[in-house]
Amino acid sequence: FVEISPDADIFQVIAQGLSEILPNAVLSVNSYDSRSDTITVRSFFSDMDRQVLSSCLGREYRGFQYSLLSVPEPLRTHALGALREGKLFHTDESLYNFFFQQIPQNICDRIKETLNLGDRYYGIGLVRHGILFGAVAFSLRKGETLQNSPLVETYIRQASIVLHRRHTEVALKASESKYRSIVEDQTEFVARFLPDGRLTYV
């Protein structure tokens with residue numbers, strides 16, 4: 001993560017790195033917007049699996065949004081609680097529930113069969129200082145077992161730090177831009193003084 005370009009798609013970078021740890025997994029990296037309570041799919045690996053899933057859905061999966069406002073409260077509370085812990089968890093719930101009941105059951109069944117998915121689904125929150133920035137979700141193929149969960153958790157913790165930093169930088173730039181436009185567009189005289197009367201800004 002040290003050499004990431006500021007212009008790089010951070011979600012794609014996270015997915016690529018995780019695909020090296022979990023080479024046979026079907027995985028997505030998603031953002032979370034707390035204002036709209038929405039999870040958005042930002043990256044999906046592998047590209048071939050994304051094409052298969054998109055074909056089953058009848059639309060591109062990258063960019064797909066899960067509105068958590070329409071999810072039954074027990075499922076929503078459980079999912080967000082597990083994600084906010086920032087620890088790898090698994091569920092033996094159906095793919096339909098793993099997709100927050102927002103993809104029809106028959107399509108979930110087709111996705112599971114076409115991608116040869118096992119019965120266990122995994123998730124982990126991209127969380128730092130109690131703030132949920134997103135989530136990683138993945139499934140292994142039938143008959144496979146997860147071998148390196150500590151490595152996955154360590155990688156996601158590092159990814160969360162980078163994602164937090166990226167969010168902070170974006171917020172700072174927006175704040176600076178807003179402040180600059182206020183200062184540059186104002187017609188009134190503004191000055192700032194220290195308590196001893198020294199001028200610090202005009």
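**Chat about two pockets**

Colleague: What mix of nonpolar, polar and charged residues lines the largest pocket?
Modeller: This is a predicted model, to start with. In it, the lining of the largest pocket has 24 nonpolar residues, eight polar and one charged.

Colleague: And what's its volume, the largest pocket's?
Modeller: About 470 Å³.

Colleague: Which residues should I click on to find the centre of the largest pocket?
Modeller: Go for F98, F99, F100, Y121 and A137, which lie nearest the centre among the 33 residues of the lining.

Colleague: Which helices and strands supply at least two residues each to that lining?
Modeller: On the strand side you've got β1 (26-33), β2 (38-45), β4 (89-91), β5 (117-128) and β6 (131-141), and on the helix side α3 (73-84) and α4 (95-98).

Colleague: Which one gives the most?
Modeller: That's β6, with five residues in the lining of the largest pocket.

Colleague: OK, switching over. How much space is in the second largest pocket?
Modeller: About 400 Å³. Its lining is made of 21 residues, and Y32, D33, R35, F133 and H167 sit closest to the centre.

Colleague: Which elements chip in at least two residues each there?
Modeller: Two helices, α1 (10-21) and α6 (149-185), plus the strands β1, β2 and β6.

Colleague: Who has the largest share of that second lining?
Modeller: α6 does, with five residues.

Colleague: How does the lining of the second largest pocket divide into nonpolar, polar and charged?
Modeller: Nine are nonpolar, seven polar and five charged.

Note on methods: Residues are numbered from 1 along each chain as its sequence is written. This is a predicted model: local features need pLDDT of at least 70, side-chain atom pairs count only at pLDDT 80 or more; totals for chains, interfaces and linings use all residues. Side-chain values use heavy atoms; hydrogens and water are left out. On a 1 Å grid over the protein atoms alone, a cavity is a set of points where a 1.4 Å probe fits but cannot get out, and a pocket is an open set with protein on both sides within 12 Å along at least five of seven lines; lining residues have an atom within 4 Å of a point. Grid points are joined across faces, edges and corners, and a volume is the space filled by probe spheres set on the points. Helices (H or I, at least four residues) and strands (E, at least two) are DSSP runs, numbered from the N terminus. Ala, Val, Leu, Ile, Met, Phe, Trp, Tyr, Cys and Pro count as nonpolar, Asp, Glu, Lys and Arg as charged, and the others, Gly among them, as polar.
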